[in-house]
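The following exercises concern buried and partly exposed positions in a protein model. Please work through each task before reading its solution.

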Amino acid sequence: MKPKAIKHKLTSAIKLISSKPDACCFNPGKDFSRTRKINVNTLISGLIGMEGKSLSNELIDLFDKSSDIPTPSAFVQQRVKLKPQAMYDVFRVFTDSTSSYTASELTMLAIDGSEIRIPDNPEDESTRIRRFSNSDPYNSLHLNALYDINRGVYTDILIQNGAQKNEHRALQQMVDSSIIPKALVLADRGYESYNNMAHIQEKGWYFLIRIKDGNHGIKTGFSLPEDNEFDLSIKLKITRRHTKEAKKLQKDKNQYRCISNSTPFDYLPSRSVEKAPSIFYSLNFRIVRFRLNDDTYETILTNLSTEEYPPEKIKRLYAARWGIETSFRNLKYTLALLKFHSKKTVCICQEIYARLIMYNFIGMITSHVIIEKKERKYNYKVNFSTAAHACRLFFLGRTQPSNLESVIASFLIPIRTDRHRKRFAKHEMLYGFFYRIA
């Protein structure tokens, strides 16, 4: 799909959502009822086109061809009327209209979550959290995302309040509501759960979930080989009944499992009726353990077939999950996700959705950029920072689609697959409003 067609899809999605202003606002019949410089369409487009500049400079960019630029105050008064759901609706309409998933194609979806620090507000208990017992509390939102690794776009997102985050429930909601017919979900530690596996299995999808390799988590409940590396198939029947018969069956650890009533599992009754027959749910998967280096191993849960996906291929598939980590970095720093233009949570949610829309817009355009093959030491890829700037100018109407792809193809960076860097946890900064790029 050419850049012009992609932009048309996005502007059409904005027009579609903007055409129903009463569904976009908090006060139907009142909000957006008068003719103003900043209507719903202009407001949504402006939010999508924002960077990390001050609001005044953002408005200068947005109204570049107009001598009558609205004030920051006018923009703020309009944006507080807009529901964040309207921005999410634009995201879904745009993303779904550009997708062409088929039942014969296995889509690789990585899932992960990321904390987003927001301005301090002690009165908002829903976003107020304390990371450590000896640290000061702060406010945050939690971004959950499904990321298409091959296309380089987000297929779905879910924002949760920091104090109410539940990554398991977010995964289940996004999987259940997806329109993709066939997919493989790649997940890191923290997503190991029978309920998550069951939701993906019921969808007709596949999962590949890294689990704890030590003496905790799902792995410890099974009888596993003593070898350091193994590939074990499990056909598990899960029940909530703790009868004598169920306890006898549970002695075979690799075939039966009793879970408590407090354990979330959506495909068994939360409470068992006395004297009623036991209800079992069948869950089929493999436990694959392989070596990373001399003294490091990883353990994976997957329902991919043993014949088509041996351990070495499972190892390569899981490594592809790193694409979502790179996307979060580009989203936060290149697209200025952490530099908001408001302290209100609803407005911050608007901007989160807007950045994700722009990320998908960039990803769809750059995926069609042709990189000329040459005799080089490395393979090359598009420089995301340069591509983001060029695509934003294109979205705002500053550049023509005829030369956009050639401009992006002129700025490439090498792919160094043999580079490794130790990962470390970093507390996200909260950027103030007084120090912004010009």
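**Exercise 1.** Determine whether Ala336 is buried or exposed, and describe its backbone.

Solution. Ala336 counts as buried because its relative accessibility is 8%; buried means under 20% relative accessible area, exposed over 50%, and partly exposed in between (1.4 Å probe, protein chains only). Ala336 is located in the loop between helix 11 (322–334) and helix 12, where helices (H or I, at least four residues) and strands (E, at least two) are DSSP runs numbered from the N terminus. Although not a glycine, Ala336 has a positive phi of about 60°.

The model is predicted: local features need pLDDT of at least 70, side-chain atom pairs count only at pLDDT 80 or more, and totals for chains, interfaces and linings use all residues. Residues are numbered from 1 along each chain as its sequence is written, and side-chain values use heavy atoms, without hydrogens and water.

**Exercise 2.** Locate Phe32 and identify its link to Leu82.

Solution. Phe32 lies in the loop between helix 2 (21–24) and helix 3 (40–48). With 13% relative accessibility, Phe32 counts as buried. Contact means heavy atoms within 4.5 Å; beyond four places in sequence, the contacts of Leu82 include Phe32, Val40 and Gln350.

**Exercise 3.** Which side chain makes a polar contact with that of Asp231?

Solution. Asp231 is in strand 7 (residues 230–239) and, at 30% relative accessibility, counts as partly exposed. Its side chain makes a polar contact with the side chain of Arg286 (2.7 Å). A polar contact is a pair of N or O atoms within 3.5 Å; within protein, one must be able to donate a hydrogen and the other to accept it, and residues adjacent in sequence count only if both atoms are side-chain atoms.
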